[in-house]
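Trainee: Please take a close look at one part of this model for me. I would like to see how the strands there are put together, and what lies around them.

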Amino acid sequence: MEKIDKKARIAVLCGGLSNEREISLRSGEKVYKALLELGYKKVKKIDVTKNIARILEKEKIEYAFNVLHGKYGEDGCIQGVLEFLQIPYTGPGVKASAVCLDKDTTKIILKEGGIPVIKSCSITSTDELEDAFNMLDFPVMVKPAREGSSIGMEKVNNYEELKAAVIKAREIDKKILLEEYKTGVSCTVGVLEKDGEVFATPILEFRTKTEWYDYEAKYTAGMTEFILPAEFSKDVTDKIKELAVKSHNLCECKGVSRVDFLVADNVPYVLEINTSPGMTDLSDLPAQANAMGMDYNSLVETILNTAGLNK
Ligand SMILES: Nc1ncnc2c1ncn2[C@@H]1O[C@H](COP(=O)(O)OP(=O)(O)O)[C@@H](O)[C@H]1O
Ligand SMILES: [Mg+2]
């Protein structure tokens, strides 16, 4: 893999317009510092606004390190701007980003590719609720199709609860994924690329005090115990890692992603693919990389070296 010149003009894209703005700013600061420590001389940290194209041109940016999350940053929008300006960028391209931001389209592609996914359907109008109700067994997990951080998600046990949860979730996204609820182990695996090889990081397991890995468990100290590496059998561990890389490739992700799983009765089901994983002190991917002997700065350089166009 060609190394990027230490004098290249690199922008760290962070902040932005999504719900995950604050987290992204923290990731951005950390990546910015790492790049300076690594000896890159011309690094700019940019809080992304509507003027981003003008700023990138004015600063004569040559590479973009993307740590934006959610809407406009992880969904193909900023990737489209960077393609248009011909600025190589980290992470998956326009199509993979757009596909993976939507948990429903992701699952359609994964299912077609033979990856185990939990039975689900999506609705874009409450008129479709009754058909969905007839298709699925309760309990059901209600999820806004294009949101993260477990926001708007609810486990429901009957039609009344389903309807109420869907109405609530539709304040976040008009498209809702209804997925059968499974009791199991929640975990996540990073996927990285180095010297053209795509590989999985160790598995990070979440043991929560709550019933599932909800918003409270994610953002309240002490509510989740992190097991790294996760304590699955060798067979299940190998299977999860294989499925993570396969899912990354099936959705045409490039450079980096993080694949979330729910393991029930020893079957690893893929829940979703995150195409712009958090890079804060407490984020999953840096911990996973560290568990395989890759420190934070090496992780940043590994990701930077996969920057490209036309992905
Ligand atoms: N079908 C399901 N059954 C049981 N728990 C689930 C299901 N889907 C998601 N969860 C729980 O919710 C968490 C977040 O789900 P995920 O699909 O990754 O959404 P997000 O984008 O909010 O991270 C998972 O880690 C898991 O604990
Ligand atoms: Mg997730």
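Mentor: Phe206 has Phe226, in strand 10, as its bridge partner. Strands here are DSSP runs (E) of at least two residues, and helices are DSSP runs (H or I) of at least four, both numbered from the N terminus. The model is predicted: local features need pLDDT of at least 70, side-chain atom pairs count only at pLDDT 80 or more, and totals for chains, interfaces and linings use all residues. Residues are numbered from 1 along each chain as its sequence is written, while chains are lettered from A and ligands numbered from 1 in the order in which they are written.

Back to the pair. Strand 9 and strand 10 (residues 224-227) run antiparallel and share 4 bridges. Two strands count as paired if DSSP finds at least two bridges between them.

Now step across to strand 8. Strand 8 (residues 185-194) and strand 9 (residues 197-208) are antiparallel too, with 8 bridges between them. One of the matches is Val191 with Ala200 of strand 9. The hairpin of these two strands has 2 residues between the strands, and Asp195 takes a positive phi near 50° there.

Strand 8 also pairs with strand 11. Again the sense is antiparallel, over 8 bridges. Val185 stands opposite Val263 of strand 11.

Put the pieces together. The result is an open, antiparallel sheet of 5 strands, in the order 10-9-8-11-12. Strand 10 and strand 12 are its edges, each pairing on one side only. From one strand to the next, the twist averages 30°. Such angles run from 0 to 180 degrees between N-to-C directions, and axes are lines fitted to C-alpha atoms, for helices over the stretch in contact. In a regular strand, side chains alternate between the two faces of the sheet.

Next, the ligand. Strand 11 (256-264) and strand 12 (267-274) are the elements that give two or more residues to the shell around ligand 1. That shell holds 15 residues, and the closest are Gly148, Ser186, Trp212, Tyr213 and Leu271. A residue is near a molecule or strand if its C-beta atom, placed from the backbone, lies within 6 Å of it. By class, the shell has 7 nonpolar, 4 polar and 4 charged residues. Nonpolar covers Ala, Val, Leu, Ile, Met, Phe, Trp, Tyr, Cys and Pro; charged covers Asp, Glu, Lys and Arg; the others, Gly among them, are polar.

Ligand 1 lies between domain 2 (99-116 + 183-304) and domain 3 (120-180), because both give residues to its shell. Domain bounds come from an automatic or database domain assignment. That assignment also gives domain 1 (9-90). The centres of domain 1 and domain 3, taken over C-alpha atoms, are 33 Å apart.

There is another sheet to look at. Its 4 strands form an open, antiparallel sheet in the order 4-7-5-6. Strand 4 (120-123) and strand 6 (154-156) are the edges, each with a single partner strand, so one side of each has no neighbour in the sheet. Neighbouring strands are turned by 25° against each other on average, direction ignored. Strand 4 joins strand 7 (residues 176-180) over 4 bridges, in the antiparallel sense. There, Ser120 stands opposite Glu179 of strand 7.
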